[in-house]
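Reader: I would like a close look at one part of this model. Take me to a single element, then show me what surrounds it.

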Amino acid sequence: MALRKIIHIDMDAFFASIEQRDNPQLRGKPVIIAGDPSKRGVVSTCSYEARRFGVHSAMPTYRAKQLCPNGIFLPSRMDHYRRVSREMLQILQEVTDRVEPFSIDEAYLDVTENKINCSSATIIAKELQRTISRRLGLTASAGVSYNLFLAKIASGLKKPAGLTVIRPEEAATFLDRLPIEKFYGIGKVTAKKFADLQIFRGADLKKLSLSELSSRFGKIGKNYYYLVRGEDPRVVTPQRKRKSIGREVTLLSDSDDFGQLERILDQLIADVLRTMAEERVLGHTVTLIIRLDTFQRITRSFTKAAPFFDPSEIYRTAKNLLQQRINFPNHRLRLIGISIGKLIEKERALSSLMVQGEFNFG
Ligand code: TTP
Ligand code: MG
């Protein structure tokens with residue numbers, strides 16, 4: 001099989017960089033995104049300026065305060081970071097649909113074949129870094145190689161804003177020198193076991209046979225055998241498209257007060273609409289979800305041929321489903337929820353509506 005071309009993208013100091021981008025006064029300063037020290041909070045991440053003081057992810061906040069007393073400590077804004085993460089993924093998806101998000105700020109791309117007909121993964125990676133910087137005002141580091149493991153290691157080598165390429169002919173030397181704890185799946189505990197066997201680097205690891213590794217480390221032992229030989233069978237698995245977007249809540253106490261239920265439903269719908277707007281989708285189906293005080297779960301749906309375009313129509317439909325179709329005189333509701341399904345990208349929905357002449361530029 002021909003070698004694949006894999007890129008791994010990892011944003012630099014992600015949460016902290018977003019805060020610095022949004023507030024110019026924070027630029028060039030030690031910014032630390034952290035939980036409350038009085039609640040035993042820990043550091044999520046920090047800017048590279050703060051890293052110089054020895055602050056790092058997962059460190060207790062009080063310790064970060066000791067190391068960097070003049071640091072600017074901020075709470076995290078997860079919804080905002082998730083939005084930026086989606087924007088980053090959208091940029092990657094312009095190159096290929098074979099994009100696999102790995103964490104909030106990381107993704108793998110298989111660019112062996114791609115939408116921009118570029119045969120060089122290195123050029124694509126540079127272009128992605130430029131686009132991310134231009135459109136998002138953030139920097140990313142990139143790694144390029146022929147499998148996922150090597151691409152990920154590569155992206156971490158020249159942070160921030162670095163690009164590292166590990167070519168097939170360079171892999172063996174690179175892996176021989178690689179410290180054991182850098183191999184995929186090897187944490188501190190396993191690294192210690194290897195150290196006891198006098199195995200510190202890839203070259204040492206190569207001396208163990210497949211059966212030795214399997215007997216000492218169980219099933220995953222054989223992964224190490226292949227990884228150190230530059231073989232990683234994992235493929236880039238694209239994120240499956242969401243089929244629906246929904247929210248539900250368990251009520252503080254069981255209720256048959258329709259006024260109250262409608263108000264809760266309004267909030268849930270508003271929340272769903274926000275997510276739909278962010279993801280630029282419309283839906284054809286509104287589903288009401290309820291759980292009775294007997295724990296019986298019931299769903300009722302209404303589907304339209306054309307997607308719901310007007311939010312007020314979604315509110316109306318959900319309320320109709322609540323009022324008309326679900327009438328359980330002897331029951332209270334324990335949970336209520338709403339879900340919008342049969343999703344379609346907004347742009348596609350709009351263009352097909354225009355073709356059908358149903359949509360008017362007003
Ligand atoms: P990372 O990519 O590990 O870190 P980073 O992007 O902040 O910095 P780097 O330049 O080294 O890549 O994680 C991405 C985000 O995930 C990070 O900005 C905050 C969050 N995170 C936590 O909340 N807790 C953690 O322990 C880690 C490691 C990350
Ligand atoms: Mg990162």
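Author: What follows starts with the ground rules, then goes through one strand, its sheet and some other places in the chain.

The model is predicted: local features need pLDDT of at least 70, side-chain atom pairs count only at pLDDT 80 or more, and totals for chains, interfaces and linings use all residues. Residues are numbered from 1 along each chain as its sequence is written, chains are lettered from A and ligands numbered from 1 in the order in which they are written, and side-chain values use heavy atoms, with hydrogens and water left out.

First, the whole chain. The protein chain has 14 helices and 12 strands. Helices (H or I, at least four residues) and strands (E, at least two) are DSSP runs, numbered from the N terminus. Along the principal axes, the C-alpha atoms fill a box of roughly 75 × 55 × 50 Å. There are 362 residues in the protein chain, and 42% of them are buried. Buried means under 20% relative accessible area, exposed over 50%, and partly exposed in between (1.4 Å probe, protein chains only). Among contacts with a separation of 6 or more, 62% link residues 24 or more positions apart. A contact means heavy atoms within 4.5 Å.

Now the element itself, strand β6. Strand β6 covers residues 106-110. Its residues are buried, 5 of the 5, so β6 is largely enclosed by the rest of the structure. In a regular strand the side chains alternate between the two faces of the sheet. Here both faces are covered. Glu 106, Tyr 108 and Asp 110 are buried on one side. Ala 107 and Leu 109 are buried on the other.

β6 sits in an open sheet of 5 strands, ordered β5-β6-β1-β7-β8, with mixed pairing. The edge strands are β5 (99-103) and β8 (163-165), each pairing on one side only. From one strand to the next the twist averages 15°. Angles run from 0 to 180 degrees between N-to-C directions, with axes fitted to C-alpha atoms (for helices, over the stretch in contact).

Take the β5 side of β6. The two strands run antiparallel and share 4 bridges. Strands pair if DSSP finds at least two bridges between them. A hairpin of 2 residues joins β5 to β6. Val 99 has Leu 109 of β6 as its bridge partner.

Turn to the β1 side. Strand β1 (residues 6-11) runs antiparallel to β6, with 5 bridges. Leu 109 in β6 is the bridge partner of Ile 7. Tyr 108 in β6 is the bridge partner of His 8.

Next comes the metal. Asp 10 (OD), Met 11 (O) and Asp 105 (OD) are the protein donors of the magnesium ion (ligand 2), at 2.1 to 2.2 Å. Donors are N, O and S atoms within 2.8 Å of the metal (3.2 Å for Na, K and Ca); water is not among the atoms, so sites may look incomplete. Along the chain, the donors follow the spacing D-M-x93-D. Asp 10 and Met 11 are both buried. The arrangement is octahedral because the 6 donor atoms subtend angles of 82 to 178°. Six donors count as octahedral if opposite donors are over 155 degrees apart and all others between 65 and 115.

Tyr 146 is another place to look. It lies in the loop between β7 (140-145) and α6 (148-155). At 12% relative accessibility, Tyr 146 counts as buried. Beyond four places in sequence, Tyr 146 touches Leu 3, Arg 4, Ile 6, Ile 166, Pro 168, Ala 171 and Gly 230. Its side chain reaches the backbone oxygen of Gly 230 at 3.3 Å. Tyr 146 and Asp 232 are 86 residues apart in sequence, yet 9.1 Å apart in space, C-alpha to C-alpha.

Thr 45 belongs to strand β3 (residues 43-46). Thr 45 is buried, at 10% relative accessible area. Its side chain makes a polar contact of 3.3 Å with that of Arg 51. A polar contact is a pair of N or O atoms within 3.5 Å; within protein, one must be able to donate a hydrogen and the other to accept it, and residues adjacent in sequence count only if both atoms are side-chain atoms.

Notes. Tetrahedral: all angles 85-135°; square planar, octahedral: opposite > 155°, others 65-115°.
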